[in-house]
Amino acid sequence: MEIAIVIAVAFGASMLTFFSGFGLGTMLTPVFVLFFPPEIAVAATAIVHIANNLFKLALIGKHAIKKIVLGFGLPAIVGAFGGAYFLGWLSNLDQELHVFGLSTTLLNLCIGGLILLFALVELIPGIRKMGLAPSGLIAGGVISGFFGGLSGHQGALRSAFLIKFPLTKEQFVASGIVIACLIDTMRIGTYAFTFNFDSIIAQSGLMIMATLAAFAGAILGKRLMKKITIDAIQWIVGGLMAIIGLLLALGLI
């Protein structure tokens with residue numbers, strides 16, 4: 001049953017993340033916790049995440065905007081190293097909090113709250129249509145990369161920044177994919193020096209099935225993208241951010 005859940009989540013999340021730029025890591029990590037310790041679950045998810053992004057890169061990567069990729073991606077690499085290193089330090093800590101009668105952690109509460117904040121900004125009329133100054137790329141890259149390295153929650157924050165730039169839907173999706181690959185490469189390299197990957201190797205069959213399911217979701221997502229407008233993508237980004245931020249803050253994912 002657990003394996004079927006992994007396959008279903010990897011497929012569905014990959015399809016959604018093709019439009020929004022996030023979702024696979026956020027949804028798959030809680031499922032991988034069924035098989036691995038939390039910090040290893042983050043690393044396992046990162047492996048599926050980068051494999052899926054490399055696959056999507058082959059599908060649509062040619063539309064990426066170099067200026068956006070470099071301006072956002074290079075600071076994101078620095079942030080990813082810091083976040084991944086911090087995860088190693090935090091892996092022995094588990095500070096539990098209670099919010100509205102539900103158990104969560106300080107880390108989930110902080111990340112979920114931040115995602116919720118960006119979601120509200122994205123969904124409020126007027127603010128939603130505002131552009132972002134080029135200097136926002138640097139700050140956005142560092143923030144997205146740091147939380148990507150720390151918990152895998154890079155995509156929602158990355159999309160919140162990139163959606164503010166005048167990009168076509170293909171440019172938005174492709175640029176986000178390239179940046180995600182840069183962050184994933186840095187954080188996986190850092191995890192490899194911090195954690196023992198023996199348990200991931202022992203579950204190689206599960207990893208392969210999750211990756212193939214994610215590939216299938218990406219193929220379907222690419223086909224559906226022809227019917228999606230950039231305005232629709234903005235609403236998808238804002239709506240999913242609000243849902244994921246709330247569930248994460250309450251400890252439900």
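Q: Helices are taken as DSSP runs of H or I with at least four residues, and strands as runs of E with at least two, both numbered from the N terminus. In what order do the elements of the chain run?
A: From the N terminus on, the order is α-α-α-α-β-β-α-α-α-α-α-α-α. The chain thus listed has eleven helices and two strands.

Q: What kind of model is this, and how are residues numbered?
A: This is a predicted model, in which local features need pLDDT of at least 70 and side-chain atom pairs count only at pLDDT 80 or more, whereas totals for chains, interfaces and linings use all residues. Residues are numbered from 1 along each chain as its sequence is written, and side-chain values use heavy atoms, with hydrogens and water left out.

Q: How much of the chain counts as buried?
A: Of its 253 residues, 49% count as buried. Buried means under 20% relative accessible area, exposed means over 50%, and partly exposed lies in between (1.4 Å probe, protein chains only).

Q: And helix α7, is it mostly covered or mostly uncovered?
A: Helix α7, residues 155–162, is mostly covered, with eight of its eight residues buried. Among them are R158, S159 and F161.

Q: Changing topic: how many salt bridges does the structure hold?
A: The structure holds one, a salt bridge being a side-chain nitrogen of Lys or Arg within 4 Å of a carboxyl oxygen of Asp or Glu. The side chains of D184 and R187 form it, at 2.9 Å from N to O.

Q: Where do D184 and R187 lie?
A: Both are in helix α8 (residues 169–194), three residues apart, which is about one turn of the helix.

Q: Why does D184 count as buried?
A: D184 counts as buried because its relative accessible area is 0%. Its partner R187 is also buried, at 1%.

Q: How many aromatic pairs does a search of the whole structure find?
A: The search finds six. Rings of Phe, Tyr and Trp (its six-membered ring) pair if their centres lie within 6.5 Å; planes under 30 degrees apart count as stacked, over 60 as edge-to-face, and the rest as tilted.

Q: What is the geometry of the F146 and F147 pair?
A: The pair is edge-to-face, with 5.4 Å from centre to centre and 85 degrees between the planes. F146 and F147 also form one aromatic cluster with F86.

Q: How accessible are F146 and F147?
A: F146 is partly exposed at 27% relative accessibility, whereas F147 is buried at 14%.

Q: On to the surface: which residues gather in a patch of positive charge?
A: They are K62, K222, R223 and K226. Patches consist of residues with over 30% relative accessible area and no salt bridge, like charges being joined within 9 Å and nonpolar side chains (Val, Leu, Ile, Met, Phe, Trp, Tyr) within 5 Å. Lys and Arg count as positive and Asp and Glu as negative, while His and the chain ends are not counted. The charge is placed at NZ of Lys, CZ of Arg, CG of Asp or CD of Glu. Areas come from the Shrake-Rupley method with a 1.4 Å probe, and for residues only the protein chains shown count as cover.

Q: Where is K62?
A: K62 lies in the loop between α3 (38–60) and α4 (66–90) and is exposed, with a relative accessible area of 75%.

Q: And K222?
A: K222 is in helix α10 and is partly exposed at 31%. Its C-alpha atom is 8.5 Å from that of F19, although the two are 203 residues apart along the chain.

Q: Which residues make the nonpolar surface patch?
A: I3, I7 and M209 make a patch of about 210 Å². M209 is found in helix α10, residues 204–225, and is partly exposed at 34%.
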